[in-house]
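Work through the exercises below with the sequence and the model open. Each task is followed by its solution.

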Amino acid sequence: MIILDLPRIIADATATGLSVATAESLTGGMVAAALIQVPGASGMFQGGVVAYQNSVKSAVLGVNAELLDSAGAVDPEVVREMALGVCRITGARVGVSTTGVAGPEPHGGKSVGSVYIGIALDGVAQAYEYHFAGVRSDVRQQACDEALSLLQQVVAQVREQNP
C-alpha cells in the first residue's frame, strides 16, 4: 500500500515541470481540493472540472456523446476521454479523472462502489477499475485517495526519468 504524500507530489511535479488537471464526476472536486490544500500547488495545478452531468462531460471535456449514450458515464473509455479532455482544455501534461457509482442506489446497470479512475500523461490515457465498499462517503473518499495514489505514482515515474 502506498502512503500518500501530497507535499511530495506537489514538490516533485513542480520540480519536473509537470502540470496537472482534474476532471471529476464521482468525487465532485475532492481530488482538486486535496491538491490545492498544499502550499505550492499553484506551481503544478492547472485547474479542474467537475463534470457531474453527461452534458458537461460532452460539452466541456469533449467526451463522445454517443459513447455516453451507449455505455453510460461509468465506463473505462469515458474516464479516459475525461482525462484527455481536461488536459486539452487546461494545457496540463497530466489529467486525473473519476467516474463511478457512490450510491446509495445502483446506476446505469453498475453496482454501488463501481469506480473508474483515469490518468492521462502526454496524450496517452489509462483507465483503472475499482470496486469499493461502504456508504456513499466511503466510496467517494476511497476513489479520491486512489486517484491521488495513481497521480503520485505517475509523478514519481516522471521524476525518476528526469532527475
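**Exercise 1. Give the order of the elements from the N terminus on, and judge the compactness of the chain.**

Step 1. Starting at the N terminus, the elements follow the order α-β-α-β-α-α-α-β-β-β-α. Helices (H or I, at least four residues) and strands (E, at least two) are DSSP runs, numbered from the N terminus.

Step 2. The chain has a radius of gyration of 15 Å, close to the 15 Å from the globule rule for 163 residues, so it is as compact as a globular protein of that length. The radius is taken over C-alpha atoms, and the rule is 2.2 Å times the number of residues to the power 0.38.

Step 3. The C-alpha trace spans about 45 × 30 × 25 Å along its principal axes.

The model is predicted: local features need pLDDT of at least 70 and side-chain atom pairs pLDDT 80 or more, while totals for chains, interfaces and linings use all residues. Residues are numbered from 1 along each chain as its sequence is written, and side-chain values use heavy atoms, without hydrogens and water.

**Exercise 2. Which residues touch the most other members of the largest nonpolar core, and which elements give two or more residues to this core?**

Step 1. A nonpolar core is a set of buried Ala, Val, Leu, Ile, Met, Phe, Trp, Tyr and Cys residues joined through side-chain atoms within 4.5 Å. Buried means under 20% relative accessible area, exposed over 50%, and partly exposed in between (1.4 Å probe, protein chains only).

Step 2. The largest core has 34 residues, and Leu 35, Val 96, Val 115 and Leu 151 touch the most other members.

Step 3. Two or more residues come from each of α1 (6-15), α2 (30-36), β3 (94-100), β4 (114-121) and α6 (136-161). The largest share, ten residues, is from α6.

Step 4. Beyond four places in sequence, Leu 151 is in contact (heavy atoms within 4.5 Å) with Ile 9, Val 20, Leu 35, Val 94, Val 96 and Ile 119.

Step 5. Another core, of 13 residues, lies apart from this one and includes Val 49, Leu 67, Val 78 and Met 82.

**Exercise 3. Locate Pro 106. Is Pro 106 buried or exposed?**

Step 1. The loop between β3 and β4 holds Pro 106.

Step 2. With a relative accessible area of 55%, Pro 106 is exposed.

Step 3. Leaving out residues up to four places away in sequence, Pro 106 touches Val 101, Ser 111 and Val 112.

Step 4. From Pro 106 to Leu 121 there are 15 residues in sequence and 31 Å in space, C-alpha to C-alpha.
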